[in-house]
Amino acid sequence: MKHRMVYLTLTVMYLLLLSCSKRQAAEMAPTPPVTPEKPETAVTYTNFAQALFQTKCGGCHSAGRGAAAIWTFNGLASITTNQSRIRQAVLVNKSMPLGRTLSAEELKSLQEWFDKNMPE
Ligand code: HEC
């Protein structure tokens, strides 16, 4: 009985170690060069969406702000996990940003970013 516990513990530790080193290996692997078809128009979180959400939504939807309880913007994951609500509010109903409107250019880029599955 005791032996079985020891064996089980060792197995679990081994698996934990294995997953850690695998993850590290993945992190150390060189990132493949990015060659977008049209680099000048490729919309990403870093070059477009982040600033848009920060400036057009963050005033009400960041931590401590009025509409934070409804949706809090705090990075890419806060968008990917709420994408259908955000798409609906901004692109379909156009009820957000509240009291303002996005430019046609911003809407187009945002639509494209969502359609490309929110690249980082
Ligand atoms: C001036 C403040 C303000 C700004 C700016 C603002 N919101 Fe909101 N937002 C609200 C309030 C208040 C609500 C809740 C009431 C409502 O739905 O009208 C809300 C609701 C929402 C909801 C929930 C809608 C639902 O029914 O699920 C989403 C998603 C949302 N906002 C996203 C955004 C996004 C994305 C932006 C930026 C493009 C944005 N908001 C900009 C104040 C704001």
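1. Of the 120 residues of this protein, 28% count as buried. Please keep in mind as you look around that the model is predicted. Its secondary structure comes to six helices and zero strands, and reading along the sequence gives the pattern α-α-α-α-α-α.

2. A good place to begin is the iron atom of the ligand. Which residues of the protein are its donors? They are His-61, through NE2, and Met-96, through SD, and they lie 2.0 to 2.2 Å from the iron atom. The site has six donor atoms, with angles of 86 to 179° among them, and is octahedral. For comparison, ideal angles for six octahedral donors are 90 or 180 degrees.

3. Now see where these two donors sit in the chain. His-61 belongs to helix H3 (residues 58–61), while Met-96 is in the loop between helix H5 (83–92) and H6. The pair is 35 residues apart and links distant parts of the chain. Are the two donors buried or exposed? His-61 has 11% relative accessibility and therefore counts as buried, the cut-off being under 20%. Met-96, with a relative accessible area of 29%, is partly exposed.

4. The loop that carries Met-96 deserves a second look. The peptide bond from Met-96 to Pro-97 is cis, with omega near 0°, and Pro-97 also lies in the loop between H5 and H6. So one residue, Met-96, takes part both in the iron site and in this cis bond.

5. Lys-94 is in the loop between H5 and H6 too. What is notable about its backbone? Phi of Lys-94 is near 55°, a positive value in a residue other than glycine. Lys-94 has 51% relative accessibility, so it counts as exposed, for which the cut-off is over 50%.

6. A similar backbone feature appears in the segment after H6, where Asn-117 is found. Asn-117 is not a glycine, yet has a positive phi of about 70°. With a relative accessible area of 55%, Asn-117 is exposed.

7. Next, consider the two helices on either side of that loop. H5 and H6 pack with their axes 11 Å apart, at an angle of about 155°. That makes H5 roughly antiparallel to H6, because angles over 145 degrees count as such. The crossing of the two helices, H5 and H6, is left-handed.

8. The aromatic residues make up the last part of the picture. How many aromatic pairs are there? The count comes to six. One of them is formed by Phe-53 and Trp-113, with 6.2 Å from centre to centre and 55° between the planes, and is tilted. Phe-53 lies in helix H2 (residues 45–56) and Trp-113 in helix H6 (residues 104–115), so this pair ties together parts that are 60 residues apart in sequence. Both partners, Phe-53 and Trp-113, are buried.

9. Finally, Phe-53 and Trp-113 do not stand alone: ring pairs link them with Tyr-45, Trp-71, Phe-73 and Phe-114 into a cluster. If you are following along in the 3D view, two places to visit are this cluster and the iron site with His-61 and Met-96. Helix H6 is a handy landmark between visits: it holds Trp-113, packs with H5, and is followed by the segment with Asn-117.

Methods
Residues numbered from 1 in each chain as written. Predicted model: local features only at pLDDT ≥ 70, side-chain atom pairs only at ≥ 80, totals over all residues. Heavy atoms only, no water. Phe/Tyr/Trp six-rings, centres within 6.5 Å; stacked < 30°, edge-to-face > 60°. Helix = DSSP H or I, 4+ residues; strand = E, 2+ residues; numbered from the N terminus. Buried < 20%, exposed > 50% of the residue type's maximum accessible area, 1.4 Å probe, protein only. Donors = N, O, S within 2.8 Å, 3.2 Å for Na, K, Ca; no water. Tetrahedral: all angles 85-135°; square planar, octahedral: opposite > 155°, others 65-115°. Axes fitted to C-alpha atoms, helices over the stretch in contact; angles between N-to-C directions. Parallel < 35°, antiparallel > 145°, perpendicular 65-115°, else oblique. Left-handed = near helix turned anticlockwise from the far one by under 90°.
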